[in-house]
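The following exercises concern a predicted model. Please examine the sequence and the structure before working through each solution.

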Amino acid sequence: MDQFTSHKALVAPLDRANVDTDQIIPKQFLKSIKRSGFGPNLFDEWRYLDEGQPGQDCSGRPLNEAFILNAARYQGAQILLARQNFGCGSSREHAPWALLDFGFRCVIASSYADIFYNNCFKNGIVPVILEDKIVNQLFEETFANEGYQLHVDLESQTVVTPKGESFGFEIDAFRKHCLLNGLDEISLTLADAELIRAYETKRKQTSPWLFDVIK
Amino acid sequence: MKPRTLYDKIWDDHIVKQREDGTALIYIDRQLLHEVTSPQAFEGLELAGRTPWRLDANLATPDHNVPTENQDAGVAGIVDPISRIQVETLDANCDKFGIVEFKMGDVRQGIVHVIGPEQGATLPGMTIVCGDSHTATHGAFATIAHGIGTSEVEHVLATQCLIQRKMKNMRVEVNGDLPFGVTAKDIILAIIGEIGTAGGTGYAIEFTGTTIEALSMEGRMTVCNMAIEGGARCGLVGVDDTTINYLKDRPYGPTSERWDQAVSQWRELKSDEGAFFDHIVILNAADIKPQVTWGTSPEMVVAVDAKIPNPAEETDPVKREGMERAYEYMDYEQGLAISDIKLDRVFIGSCTNSRIEDLRAAAEVAKGNQVASSIKQAMVVPGSGLVKQQAEKEGLDQIFTAAGFQWREPGCSMCLAMNADKLGNGEHCASTSNRNFEGRQGQGGRTHLVSPAMAAAAAIVGHFVDVRDFVSKTSV
Ligand code: SF4
């Protein structure tokens, strides 16, 4: 996983609540057996006017000019500003893969669906939670100022505006540690292999049927 | 000991290591795998040179991409080459690592959330995960069951554990006899209408009350299945005789003395008197009518006899904007009633409503009637090969085909349209599935979530009707 320490980048505003993972990456692209290459199909049904097919070259497809991510001023954005309950619906990790592949390293919203929130951390994306009031302010400032950038600093857990206004955010200590160091959670867990085995031995005695073989 | 909720009990039983920051290493008893969210996990495992921690905790089946016609042809019969590769990849991974898989052509193959319980691979007190948000379904058996992402699928394969933070407890209590024509699907849609799609975020929801107690396991699975549409990663129901009777003699369940030992432990799997819930919601069954979603989020739901709500009357600006967008997407005119919506297709299936009881309910309505000529397609897709077999034994397939429904082979099908079954642009569908998001059933498609009986009645009349009137009229 890529580490995330501090990121100052252009912000793209996606002004809709309840954006579901079916919108972030429509199902036809889930047929891929890879983790990469989803970027061109991020928000596919909103970004293009035609129906996208997996494996297709997207460079010649008709763009929906009305969709915010297509606006010239937001090209190259790495921070996605969103609304409440972002990432609801399907558990597909293809959603953070698509955001990452497109170039986003951070999402800012007032709330997220649980599974999506979790999936972000596995992929080096920081899902920042800020109060509705602050999110509203950031939307206003992003719309009002072309080239608007935010500075997301994970170490100090702050989002800093160009004017120097700073907003703190909460994040699990363990997840922060993994992100800051780009750590692989599986090796961390395997360091506790003995504990896992001890747990299994105990459970086998109290509830042996849980270890009956599936065959 | 302090009284604990059902969720607390199962959580406590699975802690391998408690961390100071509030997270814990949690043991996972069962992982279900399907073709869409597992290939990258197997690939990651191999790249890191790891092997599965415990093979026998896993059970796999292809479901999302499988065609619902000519399954006898096996994987080779999947026309879309990209879909075919995905199913082949699952087969190859399961063969290589030695994971049990119900492949295409196996009568036990079906939607993961239908086959787990059917096989007794879902047992009370377990922690169950799958790279699929509707894993919540298995909570009907007093399990902590929830969807995970692919990185976590890999984590469970490699370690049999997950790093989790404990959720809060919510209790949704439904009391009283269910009115005639109102089903488990209507209960959960009404609950989502009440709490909203983010209402359960951060919670495990336990469903209780006399109405839930009176439901069959199939009905409880329908309710828990859509806990995720209410924002909760998992839903649970405590163990009672209904649970235990369902599990008796299932292929993967315990037998003889182990069965008795298991049953005595399972009997403890309910919330203690006085256990603390962070949030409680109470509904009266008598107030619930057959439900129909009108918009593009499961919380946009009303009773069948209602009008489509007017966004202008919504005071919450964020909600109003969502409603306006849904209006535009669904192409409604002001003042339309639910019964005015013109339907093009009907889909009876999905992990929400494709079990034998669902098919019986739909068949009862379909019996002796004809699908309206204005309906382009009405399809029934059983949840598994075994459900299909049972339905055929009962002659349900005959009832459906005589009425003009298509009788298909098991899979996810038009629930998310990854296979060939999909809606055309602008088409309205009465669907027994769980998500009515934009494009979910095909680009530009317009989904209305309903119960199986409501879907069948809509197929026959060509638009939504109150199944309560429908049944009483046609049975005279
Ligand atoms: S039936 Fe639908 S909701 Fe259920 S697992 Fe399949 S695609 Fe997901």
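**Exercise 1.** Determine which cavity the ligand takes up, and state which residues surround the ligand.

*Solution.* Step 1: the ligand takes up the space of the largest cavity. Step 2: the residues around the ligand belong to chain B and can be listed by type. The histidines are His64(B), His113(B) and His134(B); the cysteines are Cys351(B), Cys412(B) and Cys415(B). The shell is completed by Ile111(B), Asp132(B), Ser350(B), Leu416(B), Asn434(B) and Arg440(B). Step 3: sorted by class, this shell contains 5 nonpolar, 5 polar and 2 charged residues.

**Exercise 2.** Describe the overall make-up of chain A: how many helices and strands does it have?

*Solution.* Step 1: chain A has 8 helices and 7 strands. Step 2: along the principal axes, its C-alpha atoms fill a box of roughly 65 × 45 × 25 Å. Step 3: of the 215 residues in chain A, 58% are buried.

**Exercise 3.** Analyse helix α8 of chain A: what length does it reach, and which of its residues are buried?

*Solution.* Step 1: α8(A) runs over residues 193-206, 14 residues in total. From first to last C-alpha it reaches 20 Å, close to the 20 Å expected at 1.5 Å a residue. Step 2: with buried taken as under 20% relative accessible area, the buried residues of α8(A) are Ala193(A), Ile196(A), Tyr199(A), Glu200(A) and Arg203(A). Step 3: these residues cover an arc of only 120° around the axis, and therefore lie on the same side of α8(A). Step 4: on the other side of α8(A), the exposed residues are Glu194(A), Lys202(A) and Gln205(A).

Notes
Residues numbered from 1 in each chain as written. Chains lettered and ligands numbered in written order. Predicted model: local features only at pLDDT ≥ 70, side-chain atom pairs only at ≥ 80, totals over all residues. Heavy atoms only, no water. Near = heavy atom within 4 Å. 1 Å grid on protein atoms, 1.4 Å probe; cavity = no way out; pocket = protein on both sides within 12 Å on 5 of 7 lines; lining within 4 Å. Sits in = over half its atoms within 2 Å of the grid points. Nonpolar A, V, L, I, M, F, W, Y, C, P; charged D, E, K, R; others polar. Helix = DSSP H or I, 4+ residues; strand = E, 2+ residues; numbered from the N terminus. Expected span 1.5 Å × (residues − 1). Buried < 20%, exposed > 50% of the residue type's maximum accessible area, 1.4 Å probe, protein only. Arc of directions from axis to C-beta.
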